[in-house]
Amino acid sequence: GVVECDRTYLDETPLGAELPGGAYVHLDVVDSGCGMNTETRSRAFEPFFTTKPDSRGLVLSAVLGTMREHKGAVCLKSDVGAGTTVRMLFPCSNAG
């Protein structure tokens, strides 16, 4: 989809301070799992952070790096018992 992102929305994302407000194409990845508490959400993008014993903890840090390279952002919404949504925001192009 396409979403209009203002300064307030972008400032809530890890890369938002670097980005201009405006139209962004978004891709949402949603699960209905156990969700994350506040502490886990605050560390979710750290390299090698994981809550799973069989994981390396690189997925969200890699997503963050990819979004930085594309001059985009990533937004994480998650609550315990309510699942998680990772929204990737790519800047819209003015090229026609």
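This is a short walk through one protein chain, from its overall fold down to a single residue, Thr84.

A caution before the numbers: the model is predicted.

I'll start with the fold. The protein chain has three helices and four strands. In sequence order, the pattern reads β-α-β-α-α-β-β. The radius of gyration is 14 Å, and the globule rule gives 12 Å for 96 residues; those values are close, so the chain is as compact as a globular protein of that length. For the extents, the C-alpha trace covers about 45 × 25 × 20 Å along its principal axes.

Next, contacts and surface. If we take contacts between residues at least 6 apart in sequence, 55% of them join residues at least 24 apart. As for burial, 34% of the 96 residues count as buried. The exposed area of the protein chain is about 6,200 Å², with 55% of that supplied by carbon and sulfur atoms.

On charges, the chain carries 9 positive and 12 negative ones. Their mean positions lie 4 Å apart.

Now to the residue I picked out. Thr84 belongs to strand S4, which runs over residues 84-91. Is Thr84 buried or exposed? Its relative accessibility is 8%, and the cut-off for buried is under 20%, so Thr84 counts as buried.

What does the side chain of Thr84 make a polar contact with? The partner is the side chain of Ser78, at 2.7 Å. Leaving aside residues up to four places away in sequence, Thr84 touches Ser78 along with Leu76 and Lys77, and also Val29, Val30, Asp31, Gly35 and Met36.

That is the end of the tour.

Key. Residues numbered from 1 in each chain as written. Predicted model: local features only at pLDDT ≥ 70, side-chain atom pairs only at ≥ 80, totals over all residues. Heavy atoms only, no water. Helix = DSSP H or I, 4+ residues; strand = E, 2+ residues; numbered from the N terminus. Rg over C-alpha atoms; globule rule 2.2 N^0.38 Å. Buried < 20%, exposed > 50% of the residue type's maximum accessible area, 1.4 Å probe, protein only. Contact = heavy atoms within 4.5 Å. Areas by Shrake-Rupley, 256 points an atom, 1.4 Å probe, with all protein chains shown as cover. Lys, Arg positive; Asp, Glu negative; His and termini not counted. Charge placed at Lys NZ, Arg CZ, Asp CG, Glu CD. Polar contact = N/O pair within 3.5 Å; in protein donor to acceptor, adjacent residues only side chain to side chain.
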